[in-house]
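The following exercises are to be worked with the sequence and the structure at hand. Each task is followed by a solution in steps.

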Amino acid sequence: MPLTIPKEEYVNQGHTACAGCGAALAMRYVLKGMGPKTAVAIPASCWAIIPGEYPYTALKVPLLYTTFASTGAAISGLREGLNAQGKEDYNVLAFAGDGGTADIGLQALSAAMERGHDVLFVMYDNEAYMNTGIQRSSSTPYGAWTTTTPVGLKRNFKKEKKKYVSDLMIAQNVPYVATASIGYPEDLERKVAIAKSIKGPKFIQILSPCPPGWYYNTADTIKVSRLAVESKVFPLYEFKSGKFTLFKPSKTTSIADYLSLQGRFKHLNDEEIKSIEEAVEERWKLLLKKEQN
Amino acid sequence: MKSVQSSRRIMTGNEAVATGVKLSRVKVIAAYPITPQTTIAEKIAEMVANGELDSKFIEVESEHSAMSMITASEITGVRSYTASSSHGILYMHEALHWAAGMRLPLVMSVVNRALGPPWNIWGEQTDTFNQRDTGWLQMYCESNQEALDSIMLGYKIGENKKVLLPVMNMLDAFTLSHTSEPVEVRDLKTAADYLGDLDLDFKIDFKNPIGYGSLISPDGPYMEMKKDMRDSMYNAVGIIKNEISNFNDQFDAELPGLTENFMMEDADYALITAGAISSTAKYTVRKLRKRGQKVGLIRLYFYRPFPGEEILKAVKGLKGLGVVERNLSYGQRGPTFEDVVSSLYGRVDVPVRNYVVGLGGRDIRVTDYELMFENLIEGNNDMEWVNVGVK
């Protein structure tokens with residue numbers, strides 16, 4: 001397979017992300033695809049810290065920091081402000097974590113997509129509030145330990161299933177919706193390119209593993225990313241012009257392999273792992289059905 | 001005094017506000033409906049639909065988003081605007097700090113309305129007095145003419161590079177917002193020449209990308225930036241005076257200074273008010289003057305920056321001063337009272353009283369003002385609440 005990833009870098013060295021940070025890679029790949037004519041809005045999140053302290057910035061594009069709940073509104077304002085000056089050919093990008101997308105930012109996101117501004121909203125999904133220290137979000141999967149779902153004698157891990165914002169965006173009929181993985185950079189780059197080519201609202205959810213939050217070795221970020229897809233835990237799909245396409249990995253892995261790499265799942269017993277397997281299989285079947293329809 | 005083309009029309013306060021927005025050639029407008037602001041948004045939407053106003057009107061899903069959106073559009077370098085009331089203002093509180101901290105000279109109109117619970121859509125100023133510490137300039141209008149003029153004046157002052165702070169323009173629910181008065185509509189060409197285009201030194205620049213609002217640690221210039229904001233707010237006083245004088249000259253207008261002194265020259269007793277309730281106060285002052293009572297009124301046009309020096313000058317020689325507050329603070333006197341007293345403390349010896357009036361749209365009558373003056377003159381009871389309880 002020929003290398004399709006643009007060589008240009010828009011994330012400078014010297015940023016403050018943790019070793020093995022999936023979100024840092026996600027930004028790097030997304031900006032490679034979006035290019036220099038891009039303004040980024042970032043709410044409270046790890047990525048509000050990663051670019052570094054004033055007056056420095058690790059990004060080679062303009063970066064507007066926003067309040068936690070307002071990313072969708074901020075990109076709408078950037079878009080319309082630029083359009084008012086005839087700058088329709090500049091890209092507007094949101095880069096928000098799962099808390100800033102699935103929880104506190106959901107209303108502004110949904111509204112921005114509904115109004116139809118020409119923007120790309122990227123949710124970098126590390127499945128918890130990582131910047132504040134690994135608290136549960138609605139995008140945290142069933143079974144995960146977090147600091148607000150601690151595992152004590154009462155086995156109080158997260159008991160609710162993950163909320164898939166990408167599914168919500170499809171339900172809202174957003175012109176382009178995709179899930180993507182930093183473990184599949186060519187696929188991610190292709191999706192960013194498609195998003196860039198579509199005039200209107202776009203949404204991409206990128207699974208962004210987090211070594212300190214998921215408790216795995218920092219060298220394993222790509223491995224964990226690929227296992228998430230191969231085990232069908234995080235299916236890669238696309239929704240474009242009403243057509244749904246599901247990526248079927250050529251190599252599959254067991255869910256137990258994916259879970260066992262991560263300390264956040266180590267407390268799970270066989271029965272609990274089995275219930276995760278069943279839920280993943282059930283969701284996969286639903287997605288297959290969606291593709292056939 | 002220049003001769004300028006203008007036309008006099010009958011319009012509501014909300015229409016006057018929308019006309020001020022049109023004259024300011026605002027490029028991005030985001031608004032979420034709330035009574036009694038709604039007709040501002042409707043009128044602007046209509047102007048855009050009719051091609052009278054070349055602007056993008058965005059129907060947002062909340063006030064928090066409205067403020068966040070115009071903060072983002074303004075930072076791309078275009079003049080932006082929103083309007084709201086009451087709970088809408090409270091909901092955008094976080095975003096108000098953000099806009100001011102970003103040093104963006106936005107203008108927002110606020111139709112002052114009471115806060116629930118219990119639900120109440122009528123006039124009261126607690127919504128914006130609650131925003132006192134957000135870094136926004138605050139202007140309280142007494143008439144529909146002021147409501148129109150204050151939009152342009154607000155942009156002019158906020159966009160001054162020595163100020164660079166957002167401006168809140170207030171008008172009273174229904175008393176101004178939905179009541180028609182004759183208004184001089186300023187000439188579009190004169191307005192365009194007066195205001196020019198927005199020119200920000202720091203805006204989204206793809207050739208020179210920077211971070212707007214980056215993290216700053218305790219040793220970084222965070223505190224210096226906040227000091228600069230506060231200094232700019234204080235320094236705005238002189239700029240406001242100049243700009244009001246320019247505005248009056250350009251448009252043959254009659255805007256007051258930061259405050260308006262009404263029959264204060266030889267007054268023994270005076271009240272301080274803000275907003276449309278000042279008209280009834282002026283009527284009362286005139287009435288009492290006819291009876292030979294030496295009374296006067298100080299009307300706050302600007303509340304932030306607080307015109308402490310203007311008040312100090314005006315109250316010298318008074319035997320009693322009453323601060324009329326159409327807002328409420330709990331566990332302490334009203335915010336205007338606190339500001340007045342701290343401005344006068346140790347510099348002039350005038351007894352100051354505080355009156356709470358007109359909450360939730362409660363009428364403020366001539367007899368109420370007479371009662372306040374009577375109370376000031378007698379100076380011997382603890383009356384604080386006016387037109388309350390036994391009716």
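**Exercise 1: A strand and its neighbours**

In this predicted model, strands β4(A) and β6(A) pair in the parallel sense over six bridges. Determine which residue of β6(A) stands opposite A:F121, and which residue of β4(A) stands opposite A:G97.

*Solution.*
Step 1. Across the pairing of β4(A) with β6(A), A:F121 stands opposite A:F203.
Step 2. β4(A) also pairs with β3(A), in the parallel sense and over five bridges. Here A:G97 stands opposite A:Y124.
Step 3. β3(A), residues 91-97, pairs in turn with β1(A), residues 38-42, in the parallel sense over four bridges. In this pairing A:T38 has A:N91 as its bridge partner in β3(A).

**Exercise 2: Burial of a strand**

Decide whether β4(A) is largely enclosed or open, and explain why.

*Solution.*
Step 1. A residue is counted as buried if 20 or more other C-beta atoms lie within 10 Å of its own.
Step 2. In a regular strand the side chains alternate between the two faces of the sheet. Each face must therefore be examined separately.
Step 3. On one side of β4(A), A:L120, A:V122 and A:Y124 are buried. On the other side, A:F121, A:M123 and A:D125 are buried.
Step 4. Six of the six residues of β4(A) are buried, so the strand is largely enclosed by the rest of the structure.
Step 5. Helix α6(A), residues 185-197, lies across β3, β4, β5, β6 and β7 of chain A. The helix runs at about 160° to β5(A).

**Exercise 3: A sheet built from two chains**

State the strand order of the open sheet of nine strands, and identify its edge strands.

*Solution.*
Step 1. The order is β8(A)-β7(A)-β5(A)-β6(A)-β4(A)-β3(A)-β1(A)-β2(A)-β9(B), and the pairing is mixed.
Step 2. The edge strands, each of which pairs on one side only, are β8 (243-246) of chain A and β9 (211-212) of chain B.
Step 3. The link between the chains is made by β2(A), residues 63-65, and β9(B), which pair in the parallel sense over two bridges. Within this pairing A:L64 stands opposite B:Y212.

**Exercise 4: The contact between the chains**

How many residues of chain B are in contact with chain A, and which element gives the largest share?

*Solution.*
Step 1. The contact involves 36 residues of chain B and 37 residues of chain A.
Step 2. On the chain B side, two or more residues come from each of β3 (56-59), α3 (63-75), α5 (93-101) and β9.
Step 3. The largest share, ten residues, is given by α3(B).
Step 4. By type, this side of chain B has 17 nonpolar, 13 polar and six charged residues.

**Exercise 5: The domains of chain B**

Describe the overall form of chain B and the contact between its two domains.

*Solution.*
Step 1. For 391 residues, a compact globule would have a radius of gyration near 21 Å; chain B has 21 Å, which agrees. Of the residues of chain B, 53% count as buried.
Step 2. The domain assignment gives domain 1 (7-251) and domain 2 (259-378). Their centres, taken over C-alpha atoms, are separated by 27 Å.
Step 3. In chain B, 27 residues of domain 1 are in contact with 20 residues of domain 2.
Step 4. On the domain 1 side, α9(B) gives the largest share, five residues. The residues of that side divide into 16 nonpolar, seven polar and four charged.

Note on methods. Residues numbered from 1 in each chain as written. Chains lettered and ligands numbered in written order. Predicted model: local features only at pLDDT ≥ 70, side-chain atom pairs only at ≥ 80, totals over all residues. Rg over C-alpha atoms; globule rule 2.2 N^0.38 Å. Buried ≥ 20, exposed ≤ 12 C-beta atoms within 10 Å, placed from the backbone. Pairing = 2+ DSSP bridges. Contact = placed C-beta atoms within 7 Å. Axes fitted to C-alpha atoms, helices over the stretch in contact; angles between N-to-C directions. Domains from an automatic or database assignment. Nonpolar A, V, L, I, M, F, W, Y, C, P; charged D, E, K, R; others polar.
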